[in-house]
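Let's take a friendly walk through one protein model, looking at charged side chains and then at a small piece of sheet. Have the sequence and the 3D view ready, and find each residue as we come to it.

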Amino acid sequence: MAWLGFVLTAILVASWSSPSEAQSPVAYRDGDGRWQWTESGDQQAITRKGAASLETIGGTFTVTFEDVDRATGVGFDSPASGASRRETFRTVLLYLSSVLDVVGTADLVVLASQTDGTGPLASAGPYLLPIIGFQGGLVYEHLMTGVDPLADTPDGTVSVDFGFPWNSETDPTSEVEFDLYTALLHEVTHALGFLSIVGPDARSALLNVNGAGLFSVFDAFLLRESMDRYLFLEGGEINSIPKDVSSRDLVFAGARAQASFGGFPAVFAPNPFLEGSSIGHWSLETASAAVMSPIVEPGDERREFTDWELQALGDLGYDVVACGDGFIAGAEECDDANADEEDGCDSSCRFVPEPQPEPEPKPEPEPEPEPKPEPEPEPEPEPVPVPVPVPEPVPEPEPVPEPVAVPVPVPAPEPVPEPVADAGVPDAMVVEEERTPPTVVEEGDEPPATGSSLQPSGGCNVQRSDVGGVSLTLVLLLLAVLRRPAVNRPSRG
């Protein structure tokens with residue numbers, strides 16, 4: 001259905017860009033769920049914008065309550081339950097605002113309440129323009145483009161019959177009450193464009209021209225599955241027969257709904273055809289827990305869309321906030337359908353920051369060593385007196401007794417012969433008398449015996465004068481004593 005977005009956009013732009021269209025007829029659903037045509041400027045049929053009860057809810061909707069503006073005293077203006085019913089409606093619109101990512105704000109009018117308990121529990125729908133082809137309605141157009149299609153006309157209507165027993169609060173519903181929250185969510189979803197304009201003859205219930213008709217965007221996805229045939233072609237041309245719309249063989253052929261549901265979900269196509277219910281709901285077999293089931297029983301609570309219903313709204317063109325559907329919408333940062341655990345997108349559709357490598361811990365600076373206290377100087381050891389070797393006194397040399405001169409008898413000199421005349425012997429040949437060195441008397445030696453004769457060396461018997469020999473001997477002894485080396489003794493200790 002790729003052609004659908006282009007065709008729908010072309011039709012909507014062509015239809016609502018011209019100011020002259022402001023007074024053209026518009027279609028809407030009345031309180032009994034029947035489609036009606038009225039002039040867009042008809043004050044009696046359409047509540048004008050800017051009524052006293054107008055309030056904006058969730059940034060996505062503005063609401064006007066006719067009961068309050070007209071002070072009816074019933075329904076949403078009931079003294080007993082009016083405030084709680086209006087609060088329940090606000091809660092429904094806040095939920096829708098949370099699941100739809102849209103740029104515009106749709107204007108809703110809650111029609112004066114019915115109280116007879118004879119019509120439908122509730123009814124709602126968008127205003128539609130008389131254009132051949134597919135359209136989502138004024139609510140859809142306003143939300144999707146942010147441009148108000150008709151300045152003085154609301155975008156859609158809601159109506160409730162309070163002649164039935166209702167749980168007007170958001171607390172659990174008893175088995176004998178209808179849940180107002182469930183009914184309002186269901187009906188406002190019709191106003192969003194989840195509706196069919198197909199009649200029992202398989203033609204448009206509002207407008208048909210030359211084999212083509214005015215249909216909803218939802219109708220563009222209707223497929224006779226057993227025959228693989230769409231009921232309507234690109235320009236709204238009718239490609240169906242009456243039997244198709246009551247064949248129990250119709251499905252909603254949206255790709256996103258198919259992927260989420262596991263196949264094309266079946267739509268409600270009973271035989272016989274039921275005006276106001278056929279085609280524009282899920283089949284009973286498909287939708288026991290779905291918001292857009294065709295039947296609500298007392299005690300039923302269906303206060304949130306199923307996942308695949310949200311995807312069906314996505315097929316219609318809305319950006320739906322459904323994390324994990326593979327489509328980014330709302331506050332989602334990413335949406336990978338939760339198919340990849342390592343692509344940086346978590347199951348809450350938020351980017352997971354890449355883990356930063358943990359910085360290597362900086363080595364803690366080593367604490368500066370505390371200055372070591374200066375060691376107290378060790379007391380210098382008292383010097384140990386080193387015994388100084390006292391040299392032993394060198395004994396005085398024992399006095400050498402002076403030699404006593406002993407008179408030595410001197411023999412009478414022999415007569416000296418007369419010198420013989422030089423017989424011609426050289427002087428060098430004259431042998432002088434060899435002198436014998438004096439005898440040295442060492443310490444402890446006995447002096448030579450008195451009166452001993454000194455023997456000349458060499459065996460010469462030469463006699464010397466006694467006096468001269470004693471004097472020379474004393475001199476030599478004295479020299480020997482003076483030249484004697486000092487005696488070094490080892491130190492003691």
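## A buried arginine

R224 has a relative accessible area of 9%, so this arginine counts as buried, the cut-off being under 20%. Please keep in mind that this is a predicted model.

What does the side chain of R224 meet in a salt bridge? One partner is D244, with 2.3 Å from N to O. R224 belongs to strand β13 (residues 222–224), while D244 sits in the loop between β14 (229–230) and β15 (250–252), so their contact ties together parts that lie 20 residues apart in sequence. D244 is buried too, and its relative accessible area is 0%.

## A second partner and a network

R224 also forms a salt bridge with D249, and here the N to O distance is 3.0 Å. This pair again links distant parts of the chain: D249 is in the loop between β14 and β15, R224 is in strand β13, and 25 residues separate them. Are D249 and R224 buried or exposed? Both of them are buried.

Through salt bridges with shared partners, R224, R229, D244 and D249 become one network. Try selecting these four residues together in your viewer.

## A pair with more access

Now turn to another salt bridge, the one between R203 and D201. The closest N and O atoms of this pair are 4.0 Å apart. How accessible is R203? Its relative accessible area is 39%, which makes R203 partly exposed. D201 is partly exposed as well, at 35% relative accessibility.

How many salt bridges does a search of the whole structure find? The count is 11, and the pairs described here are among them.

## A sheet of three strands

Let's leave the charges and look at an open sheet. Three strands make it up, in the order β7-β12-β11, and their pairing is mixed. Why do β7 (133–135) and β11 (208–209) each have one side without a neighbour in the sheet? Both stand at the edges with a single partner strand, so one side of each is left free of a neighbour there.

In general, strands of a sheet pair through backbone hydrogen bonds, and the pairing can be parallel or antiparallel. In this sheet, β7 pairs with strand β12 (residues 212–216) in the parallel sense, over three bridges. To find a spot where you can see this pairing, look for F134, which stands opposite F215 in β12.

How values were computed
Residues are numbered from 1 along each chain as its sequence is written. This is a predicted model: local features need pLDDT of at least 70, side-chain atom pairs count only at pLDDT 80 or more; totals for chains, interfaces and linings use all residues. Side-chain values use heavy atoms; hydrogens and water are left out. Buried means under 20% relative accessible area, exposed over 50%, partly exposed in between (1.4 Å probe, protein chains only). Helices (H or I, at least four residues) and strands (E, at least two) are DSSP runs, numbered from the N terminus. Two strands pair if DSSP finds at least two bridges between them.
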